[in-house]
Amino acid sequence: MTDNTCTQCGYEHVVINRKSNGQRLCSSCFKDSIEKKVLKTIRKNKLVTKGDKVLVGLSGGKDSVALVNILNILKEKGIIELEAITIDEGISGYREEGVRIAKDVAKRLNVKHHIVSFDEKYDFTLDKIMEAQKGKDDHQHACTFCGVFRRQLFNQVARDVNASKIATGHNLDDETQSIVMNYLEGNIHNMVRIGYKTEARDEHFTPKIKPLREIPEKEIGLYVLESGFEVHFDGCPYAHESFRMEIGDFIRELNLKHPTIMYSTLNNFEKIKPAIKKEYDKKHVVPNGTCEVCGEPASQSICKSCKFLEKIHNELLNDGNQNG
Amino acid sequence: MSITLINKKDVKEIEYEENLTVEDILKKEDIPIETVVVKINDQTVTEDEKVNDNDKMEIIKVIYGG
């Protein structure tokens, strides 16, 4: 007979058996533990300061729903202002549900919500680009376009609403995968940028914070379910077999036998990062310029987003429209 | 024992031997335990929960990959 008693309060039904530390928790103590841990991460790493206006990316997926719900605790206490943004890339049969759930969550928490679409901003949808690319030689994956345009919209909206921080729902699995991937690929430039917050190199960029980075992905799924949220659990139809996915499977498999492996990967990385950064920064200075087309910060004369817009409108869609 | 297994829109009645846990059934169904949350009769349970005859077991995939 297994013990079904909460190790915190004694309630006789547990929803999680944490092999990493031996805790068995009931629904209430589990939710409490997640919220306390995230708030502690925020406090310890000074992710927000009193009076910050935080713009949270709210896709309607589990990570972002958990994040907005926890950041809302700080909003309710009058410590921060909180607004949410949902980006509609135009992925038919997938994004509609995420947008609907994001709207419902924002309404339930009384958080001001911005919805920005590729279609209204750039005059195309992600589906349209992928359709136009069919049969072309230099076919790019959807994630390449999506990532660049999403980042740009995030930054633009953050500036428009005077947000002092952008919060994203990166979890412990995401962060561990990034550390291991970048290490295996020898990508030091990307590796030294992994952290609790990204310091903006340019005043046009709003600093990004990752309050959920110490919470395992599965626990975030459990947290939103136990909190009674409807969540968009479907995977993106454009998600593909990637190196990240392989690394994710490998780490999860490892985690079954070594339940503290993700925590130790993250903690040890944080310990060695200052040394790597110091050595790396000596040799590499990233150019800090401005895009000649749109005026946004760029490391080259034309930013990646403008390069893609030119290619999409002139080569793929042939509509001559380049006004992003 | 007979249980109702719900995996998204896929609902099926399955016969299993007695005295199985959630973890045993996930293994039999080839579902990676580390990617799902399981509810039995609408209540969230841990992987070592015993499954009984006529139980309704719902599998909610919370992680993609694997």
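Helix α6 (residues 142-160) of chain A lies across strands β3, β4, β5 and β6 (165-167) of chain A and runs at about 145 degrees to β4(A). The model is a predicted one.

The sheet under discussion is open and has six strands, in the order β5-β4-β3-β6-β8-β7 (chain A), with mixed pairing. Its edge strands, each paired on one side only, are β5 (112-117) and β7 (197-198) of chain A. Helix α3 (residues 95-109) of chain A also packs on the sheet, where it touches β4 and β5 of chain A, and its direction makes about 165 degrees with that of β4(A). Strand β3 (residues 53-57) of chain A runs parallel to strand β4 (residues 81-88) of chain A, and five bridges join the two. Within this pairing, Leu55(A) has Glu83(A) in β4(A) as its bridge partner.

Chain A is assigned two domains: domain 1 (34-235 + 243-284) and domain 2 (287-324). Their centres, taken over C-alpha atoms, are separated by 24 Å. The contact between them involves 15 residues of domain 1 of chain A and twelve residues of domain 2 of chain A. On the domain 1 side, α4 (118-122), α5 (126-133) and α6 of chain A each give two or more residues. Helix α6(A) supplies the largest share of that side, four residues.

The contact between chains A and B takes 22 residues from chain A and twelve residues from chain B. Two contact sides are listed by residue class below.

| Side | Nonpolar | Polar | Charged |
|---|---|---|---|
| Domain 1 of chain A, touching domain 2 of chain A | eight residues | three residues | four residues |
| Chain B, touching chain A | five residues | four residues | three residues |

Technical notes. Residues numbered from 1 in each chain as written. Chains lettered and ligands numbered in written order. Predicted model: local features only at pLDDT ≥ 70, side-chain atom pairs only at ≥ 80, totals over all residues. Pairing = 2+ DSSP bridges. Contact = placed C-beta atoms within 7 Å. Axes fitted to C-alpha atoms, helices over the stretch in contact; angles between N-to-C directions. Nonpolar A, V, L, I, M, F, W, Y, C, P; charged D, E, K, R; others polar. Domains from an automatic or database assignment.
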